[in-house]
Amino acid sequence: MAKFEITKSKSLFKRAVCAMPGGVNSPVRAFKAVGGQPVFIESAKGQYLYDVDGNRYIDYIGSWGPMILGHNDERVVEAVTKQMQKGISYGAPSSLEVEMAELMIEMVPSLEMVRMANSGTEAVMSAIRVARGFTGRDKIIKFEGCYHGHADALLVKAGSGVMTAGVPDSSGVPEGCAKDTLTAEYNNLESVRALFAENYNEIACVIVEPVAANMGLVLPEEGFLAGLRKLCDNNGALLLFDEVITGFRLGIKGASGYYGIKPDITTYGKIIGGGMPVGAYGGRKDIMSITAPLGNVYQAGTLSGNPVAMCAGITQLRILKDSPEIYTHLDALGERFRQGAARIFTKYKKNIQISGTGSLSCIYFTGSEVHDYRTAKTADTEAFAKYFTYMLNRGNYFGPSQFEAVFISDAHTERDIDKTLEDMEEYFELYP
Ligand code: KE4
């Protein structure tokens with residue numbers, strides 16, 4: 001199999017590892033889970049990434065979710081370029097922040113008030129603080145394998161890069177920070193019920209990825225999300241949907257609209273920034289009103305509501321809101337990918353699972369049906385690494401970890417999906 005020539009990426013990586021931990025600014029990018037080294041990206045357009053050695057890849061990461069329209073959508077670039085002529089950051093209110101908040105509230109029924117932040121981590125950290133402030137309770141419930149950013153209290157049996165690194169939790173998190181974080185099993189309401197019973201009236205909120213996209217891709221089983229809603233209502237706890245990935249991806253109302261469950265607080269990131277650094281949390285007005293300066297839960301950010309990020313996000317959200325056919329296209333491409341992959345696994349009798357919904361998918365190298373962290377962990381990460389490397393060298397750029405999702409954008413075409421499936425079939429032909 002001819003490997004892509006990556007001479008320039010190699011010399012860049014040699015420098016990078018001297019200047020940055022692991023040579024990257026986010027662990028999963030380092031390719032530690034798949035071997036080899038990362039390629040350095042020179043540019044991106046539509047569904048394609050171009051590395052510094054001139055290799056072209058069909059991009060199935062999309063910057064981990066933000067690039068739902070594809071890279072460098074002209075409409076987003078034009079809006080951002082125009083805004084840049086007026087100023088990059090003010091540190092004072094701008095009309096763009098009002099427009100963004102009003103637009104999100106208009107698009108998502110459960111949102112009555114919104115606060116902007118600069119990352120998903122910041123949004124979740126702040127939302128947890130608001131939940132604790134509102135209920136006067138300290139404990140939270142999260143799910144094994146779900147990832148909610150790298151705030152101390154959330155780095156407990158987390159997914160994404162933590163799961164990829166195979167470290168159950170991060171060092172450097174004081175016992176005091178993690179002790180109030182209880183973990184339940186995804187899709188197991190009994191495990192949640194037990195925690196509520198053992199911690200009666202002490203739980204501020206349950207935080208959940210309504211579609212778990214950080215242990216690969218695990219869908220909520222029938223009744224799971226509704227069951228969480230009921231358990232929270234019966235125990236005076238808040239239900240927090242972490243929609244940093246699913247927000248505005250599973251339709252304009254995100255997962256809460258897709259599954260018809262109304263959370264009390266929702267966190268966002270990625271898509272709402274159009275590729276610029278962003279986060280947000282929002283929900284019921286009575287809850288959000290305890291946030292400073294209105295209430296006594298403090299939260300702040302120098303660049304929160306940054307005009308350039310708001311401009312990129314507003315433009316992207318308006319395109320999604322005005323063009324419902326985009327979601328039809330995303331769903332169809334996702335389905336084409338999953339059905340094509342399933343056909344290949346059957347043909348070659350491979351013990352591989354394919355999961356997904358809409359434009360989110362995951363291929364698990366395991367014979368077990370994956371419905372939670374424990375079953376996701378049965379995946380053969382070595383087998384995934386071999387497959388990943390082959391596909392990368394054929395110009396298909398997937399997340400460099402078995403425990404990340406496959407992201408498809410509106411810029412992808414049927415031809416791209418079919419080309420990727422042809423390469424996948426070739427791989428299993430060569431390596432039965
Ligand atoms: P950021 O702080 O990375 O913007 O968002 C954290 C976060 C919160 N909640 C969910 C559900 C998330 O998926 C994320 C971040 N997603 C990962 C991708 N699995 C980011 C990739 C990375 O860490 O480099």
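A polar contact is a pair of N or O atoms within 3.5 Å. The exercises below apply this cut-off and related ideas to a predicted model.

**Exercise 1. Polar contacts of the ligand**

Determine which side chains place a polar atom within the cut-off of the ligand, and how much of the ligand the protein buries.

Solution.
1. Begin with the nearest residues. The ligand is surrounded by 17 residues, of which Ser 26, Thr 121, Asn 214, Asp 242 and Glu 404 approach it most closely.
2. Consider the oxygen side of the ligand. One of its oxygen atoms is 2.6 Å from a polar side-chain atom of Thr 121.
3. Turn to nitrogen. A polar atom in the side chain of Asp 242 is 2.7 Å from a ligand nitrogen atom, and an N or O atom in the side chain of Lys 270 lies 3.0 Å from a nitrogen atom of the ligand.
4. Finally, assess burial. The ligand on its own exposes 540 Å², and the protein buries 88% of this area.

**Exercise 2. Composition and location of the ligand shell**

Classify the residues of the shell around the ligand, and explain why the ligand lies between domain 1 and domain 2.

Solution.
1. Sort the shell by residue class: 8 residues are polar, 5 are nonpolar and 4 are charged.
2. Assign the shell to domains. Residues come both from domain 1 (7-60 + 324-430) and from domain 2 (74-322), so the ligand lies between the two.

**Exercise 3. A mixed sheet**

Establish the strand order of the open sheet that contains E1, E2, E3 and E13, and describe how its strands pair.

Solution.
1. Take E2 (residues 48-51) with E3 (residues 56-59). These strands are antiparallel and share 3 bridges.
2. Locate residues within this pair. Tyr 48 is opposite Ile 58 of E3, while Leu 49 is opposite Tyr 57 of E3.
3. Examine the hairpin. There are 4 residues between E2 and E3, and Gly 54 in this hairpin has a positive phi near 85 degrees.
4. Follow E3 to its other partner. E3 runs parallel to E13 (residues 396-397), with 2 bridges between them; Ile 58 has Asn 396 of E13 as its bridge partner.
5. Assemble the sheet. The order of the 4 strands is E1-E2-E3-E13, with mixed pairing. Strand E1 (41-45) and E13 form the edges, each pairing on one side only.

**Exercise 4. Backbone features in loops**

Identify the loops that hold Asn 72 and Pro 293, and state the backbone geometry found there.

Solution.
1. Place Asn 72 in the loop between E3 and helix H2 (74-86). Its phi is positive, near 50 degrees, although the residue is not glycine.
2. Place Pro 293 in the loop that separates helix H10 (285-288) from helix H11 (307-322). The peptide bond from Ala 292 to Pro 293 is cis, with omega about 5 degrees.

**Exercise 5. Overall dimensions**

Decide how compact the chain is for a length of 432 residues.

Solution.
1. Count the elements: the chain contains 15 helices and 14 strands.
2. Compare the radius of gyration with the globule rule. The chain has a value of 21 Å, close to the 22 Å given by the rule for 432 residues, so the chain is as compact as a globular protein of that length.
3. Add the extent. Along the principal axes, the C-alpha atoms fill a box of roughly 60 × 55 × 45 Å.

Terms used:
Residues are numbered from 1 along each chain as its sequence is written. This is a predicted model: local features need pLDDT of at least 70, side-chain atom pairs count only at pLDDT 80 or more; totals for chains, interfaces and linings use all residues. Side-chain values use heavy atoms; hydrogens and water are left out. A residue is near a molecule or strand if one of its heavy atoms lies within 4 Å of it. A polar contact is a pair of N or O atoms within 3.5 Å; within protein, one must be able to donate a hydrogen and the other to accept it, and residues adjacent in sequence count only if both atoms are side-chain atoms. Accessible areas come from the Shrake-Rupley method with a 1.4 Å probe; for residues, only the protein chains shown count as cover. Ala, Val, Leu, Ile, Met, Phe, Trp, Tyr, Cys and Pro count as nonpolar, Asp, Glu, Lys and Arg as charged, and the others, Gly among them, as polar. Domain bounds come from an automatic or database domain assignment. Two strands pair if DSSP finds at least two bridges between them. The radius of gyration is taken over C-alpha atoms; the globule rule is 2.2 Å times the number of residues to the power 0.38.
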